[in-house]
Amino acid sequence: MDKEQQQNKAQQILDFRYSIIAELLNPYLSRAERRALMRQKAGRRYEIPYSQRTRLSTDCIRKWYATFQRFGKEGLRPKSRSD
């Protein structure tokens, strides 16, 4: 996989992750509403880019939400592997 393909893959994953948490970023949601929305999103099936998995855990969604809060949208980009 060349560098352009890797960047495209990373961008698709970033966009998918953002699409999952975008609704959670509404500042008018209460903490309870946000938790309920996370559980609801975890109960759905998704077509996850470059993965055979179809479900997300609430912990995963919570982690993406916290990462976005701390680092912004670029924080959702998958990290490069060195192995």
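Which helix supplies the largest share of the lining of the largest pocket? The answer is H1, with six residues. The pocket is taken up again below, after the overall layout and the core.

## Overall layout

This is a predicted model. The chain has three helices and zero strands. Read along the sequence, the pattern is α-α-α. The helices that feed the main core are H1 (3–21), H2 (31–42) and H3 (58–71).

The C-alpha atoms fill a box of roughly 45 × 25 × 20 Å along the principal axes. The chain has 83 residues, and 29% of them count as buried. Among contacts with a separation of 6 or more, 55% join residues 24 or more positions apart.

## The nonpolar core

In soluble globular proteins, nonpolar side chains tend to be buried together. Here the largest nonpolar core has 17 residues. Those with the most contacts inside it are Phe 16, Ile 20, Ile 21, Leu 24, Leu 56, Ile 61 and Trp 64. Helices H1, H2 and H3 each give two or more residues to this core. The largest share, five residues, comes from H3.

Trp 64 shows how the parts of the core meet. Leaving aside residues up to four places away in sequence, Trp 64 touches Phe 16, Arg 17, Ile 20, Ile 21, Leu 56 and Leu 76.

## Helix H3: one face in, one face out

H3 has 14 residues. From its first C-alpha to its last it reaches 20 Å, close to the 20 Å expected at 1.5 Å a residue. Its buried residues are Cys 60, Ile 61, Trp 64, Tyr 65, Thr 67 and Phe 68. Seen down the axis of H3, these buried residues fall within an arc of 160°, so they line one face of the helix. An α-helix has 3.6 residues a turn, so residues three or four places apart point the same way. The buried residues of H3 pack against H1 and H2.

The other side of H3 carries exposed residues: Asp 59, Lys 63, Gln 69 and Arg 70. Take Lys 63, which is found in H3. Its relative accessibility is 51%, so Lys 63 counts as exposed; the cut-off for exposed is over 50%. The C-alpha atoms of Lys 63 and Leu 76 are separated by 9.7 Å, with the two positions 13 residues apart along the chain counted as their spacing. After H3 comes Gly 72, whose phi is positive, near 80°.

## Helix H2 and a buried lysine

H2 has twelve residues. It reaches 17 Å from its first C-alpha to its last, close to the 16 Å expected at 1.5 Å a residue. Its buried residues are Arg 34, Leu 37, Met 38, Lys 41 and Ala 42. They cover an arc of only 135° around the axis, which puts them on the same side of H2. What covers these buried residues includes H1 and H3.

Is Lys 41 buried or exposed? Lys 41 has a relative accessible area of 4%, so it is buried; the cut-off for buried is under 20%. Its place is in H2. Not counting residues up to four places away in sequence, Lys 41 touches Ser 19, Ile 20, Glu 23, Tyr 46 and Ile 61.

## The loop between H2 and H3

Tyr 50 lies in the loop between H2 and H3. Most residues other than glycine have a negative phi. Tyr 50 has a positive phi of about 60° although it is not a glycine. With a relative accessibility of 48%, Tyr 50 counts as partly exposed.

## The largest pocket

The largest pocket has a volume of about 690 Å³. Its lining has 23 residues. Lys 9, Ile 13, Arg 17, Pro 78 and Lys 79 lie nearest its centre.

H1 and H3 each supply at least two residues of the lining. The largest share comes from H1, with six residues. Arg 17 links two parts of this account: it lies among the residues nearest the pocket centre, and it is one of the residues that Trp 64 touches.

Key:
Residues numbered from 1 in each chain as written. Predicted model: local features only at pLDDT ≥ 70, side-chain atom pairs only at ≥ 80, totals over all residues. Heavy atoms only, no water. Core = buried A, V, L, I, M, F, W, Y, C linked by side-chain atoms within 4.5 Å. Buried < 20%, exposed > 50% of the residue type's maximum accessible area, 1.4 Å probe, protein only. Helix = DSSP H or I, 4+ residues; strand = E, 2+ residues; numbered from the N terminus. Contact = heavy atoms within 4.5 Å. Expected span 1.5 Å × (residues − 1). Arc of directions from axis to C-beta. 1 Å grid on protein atoms, 1.4 Å probe; cavity = no way out; pocket = protein on both sides within 12 Å on 5 of 7 lines; lining within 4 Å. Points joined across faces, edges and corners; volume = space filled by probe spheres on them.
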